[in-house]
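Let's walk through this structure together, one question at a time. Keep the 3D view open and follow along.

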Amino acid sequence: MLAPVRTVVTDNGTCPLLSVQPSRGLVDEKFQIVIMNLLPNQEVTIYCLHQSEDKDFWHAFGHYISDEDGIVTVAKDKSLGGTYEGREQMGLIWSMRPVPGSRSGLRLRKTNVLTPMVIHISVYSGHLSEGFSEKTPLATSVTERWYVAPGVQRVNVREKGVRGTLFLPPGPGPYPGVLDLWGGGGGLVEYRSALLASHGFASMALEYLAPEELKTVDVDVSYFERAYQILQNHPKVQKDNLAMLGLSFGSAITFSMAAYSKVIKPQCCVCISGSHVVPIDKSVFEAFEEIKKHANKARMNEENQVIQRDLILPIPSDPALKVDVGRIKCPFLLVNGGDDQNWASVESAVDMEMMMEKAGNRHLLTVLTYPDAGHLIEPPYSPHFRATNFMLQEMKEKIVMLWGGQTKPHAYAQEDAWNKILAFLRQHLCFSSNFAKAKL
């Protein structure tokens, strides 16, 4: 289906045509942008604008020159400048940033996954870098980016004291399950689970840090075990085909549960930007208290951005201070950024490799390390945030956290890692063919 297109007849009598396909797609799906009916070798700027749910505007743009037929094809032509350069099919999305004059420290995250991200794409004459709102575009199109494929169900989970959201693929199932844990920022973050369900996994986004409803002293090992059992016992879930997926602090929980729990027995686990230091063997509160003992190791850069990676360095040699990863019995995929400024994930991976080599289970570990990628390795084409506002849950203190990473290599890491995460889950969860990926 073609998106609505608005065009302007230029002085030379041509009427540029802008095509964005698909006009509706999943957020991890590439789109094709083609502009036709330009003059040969005409300079144009392709501009993207999105208003977030917080009402902030985000934009990106690339400078192009049409070919001898008056055509620009973003997938094969190089951007000569703008917020990204080179041959970058999805550069307009992953290089998005707040428009000049916006609030500082913003992060773009989808809260309501049942509505799309609406992206306005326009073409302007010449190579522009500012003043877009004051100019008339040659053509404009609108595209929708969705986290949920048609037929995916969203189910609130409020059972046995557990809070979360379960996303179920279309059809009768049953499907392999994923317990999805985000990091220390807290809240109920649904968009990754929604996207996993769009790829055939019954995925439950678990809330375990919510100051109003869940006291960290009450969120202990049994909380995560109850959540696992709720997912496992759902009639549309294959009870023996479950995985855990954790990012940042969620990885610490994943390592701990896989190593020690008698209830949680995943077929495989994925940990993004995490560490085995600070085991979660009692409550989340006690784990935070242990981390706070090392708060003096945090430092600030010249822009007053907090660097936390030193909190767990050097990696302790005392086994009591780490998860005994030698006890892990299922395949593990570690995804790390070489420029992670928030957590010492790369050093932790090296230590885990040595521990597992010694224990004889090193063959279960796969490590992906992406140079110049930061801490927040998200689904593909998510804009890169080097530093954002962050609330320290236990201290009720708002800071600017330095996550690290450089925009282009971080974008490549997100795309490559996501494809490898999906392949890893399919490989180890005996992925059946009873789910055909829905197309928007």
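Helices and strands here are DSSP runs, numbered from the N terminus, with at least four residues for a helix and at least two for a strand. Please keep in mind that this is a predicted model.

Q: Where is Pro22 placed?
A: Happily, this one starts with the backbone: the peptide bond between Gln21 and Pro22 is cis, with omega about -5°. Strand E2 covers 17-21. Pro22 has its place in the loop between E2 and E3.

Q: What is the omega of the peptide bond from Leu313 to Pro314?
A: Look in the loop that runs between strand E18 (306-307) and strand E19 (332-337), where Pro314 is found. The bond from Leu313 to Pro314 is cis, and its omega is near -10°.

Q: How many salt bridges does the model have?
A: Side chains of opposite charge can pair when their charged atoms come close. The rule applied here asks for a side-chain nitrogen of Lys or Arg within 4 Å of a carboxyl oxygen of Asp or Glu. By this rule the count is 18.

Q: How many residues apart are Glu144 and Arg24?
A: Glu144 and Arg24 form a salt bridge, with their closest N and O atoms 3.0 Å apart. Glu144 belongs to strand E10 (residues 139-146) and Arg24 to strand E3 (residues 24-26), so the definition of elements as DSSP runs lets us place both partners in strands. The pair links distant parts of the chain, and the separation is 120 residues.

Q: Is Arg24 buried, exposed or partly exposed?
A: Buried means under 20% relative accessible area and exposed means over 50%, with partly exposed in between. Its partner Glu144 has a relative accessible area of 24% and is partly exposed. For Arg24 the value is 32%, so the class is partly exposed.

Q: Which helix does the salt bridge of Asp180 tie to strand E13?
A: Asp180 forms a salt bridge with Arg192, and the closest N and O atoms are 2.6 Å apart. Asp180 lies in strand E13 (residues 175-181), while Arg192 lies in residues 191-198, so the bridge ties together parts that are 12 residues apart in sequence. The helix that holds Arg192 is H2.

Q: Is Arg192 buried or exposed?
A: The cut-off for buried is under 20% relative accessible area. Asp180, the partner, has 0% relative accessibility and counts as buried. Arg192 has 2%, so Arg192 also counts as buried.

Q: Which helix holds both Lys292 and Glu289?
A: Lys292 forms a salt bridge with Glu289, with the closest N and O atoms 3.0 Å apart. Lys292 is partly exposed at 31% relative accessibility, and Glu289 is partly exposed at 30%. The two residues are 3 apart, about one turn of the helix, and that helix is H5 (residues 284-292).

Q: How are H2 and H7 oriented to each other?
A: Two packed helices are described by the angle between their axes and the distance between the axes. The axes of H2 and H7 (residues 407-428) come within 12 Å and cross at roughly 60°. H2 passes H7 in a right-handed crossing. The two helices are therefore oblique to each other.

Q: How many charged residues are in the contact of H2 with H7?
A: H2 contributes Arg192, Leu195 and Leu196, and H7 contributes Trp418, Leu422 and Leu425. The residues of this contact divide into 5 nonpolar and no polar, and the number of charged ones is 1.

Q: What is the phi of Lys55?
A: Lys55 is in the loop between E5 and strand E6 (57-65). At 60% relative accessibility, Lys55 counts as exposed. Phi is a positive value in this residue other than glycine, near 75°.

Q: Is Asn37 buried, exposed or partly exposed?
A: Asn37 sits in the loop between strand E4 (32-36) and strand E5 (43-51). Phi of Asn37 is positive, near 65°. The relative accessible area of Asn37 is 38%, so Asn37 is partly exposed.

Q: How far apart in space are Pro235 and Tyr175, C-alpha to C-alpha?
A: Pro235 is in the loop between helix H3 (221-232) and strand E15 (237-247). Pro235 is exposed, at 68% relative accessible area. Pro235 and Tyr175 are 60 residues apart in sequence, and their C-alpha distance is 9.3 Å.

Conventions: Residues are numbered from 1 along each chain as its sequence is written. This is a predicted model: local features need pLDDT of at least 70, side-chain atom pairs count only at pLDDT 80 or more; totals for chains, interfaces and linings use all residues. Side-chain values use heavy atoms; hydrogens and water are left out. Buried means under 20% relative accessible area, exposed over 50%, partly exposed in between (1.4 Å probe, protein chains only). Axes are lines fitted to C-alpha atoms, for helices over the stretch in contact, and angles run from 0 to 180 degrees between N-to-C directions. Angles under 35 degrees count as roughly parallel, over 145 as roughly antiparallel, 65 to 115 as roughly perpendicular and the rest as oblique. A crossing is left-handed if the near helix is turned anticlockwise from the far one by less than a right angle, and right-handed if clockwise. Contact means heavy atoms within 4.5 Å. Ala, Val, Leu, Ile, Met, Phe, Trp, Tyr, Cys and Pro count as nonpolar, Asp, Glu, Lys and Arg as charged, and the others, Gly among them, as polar.
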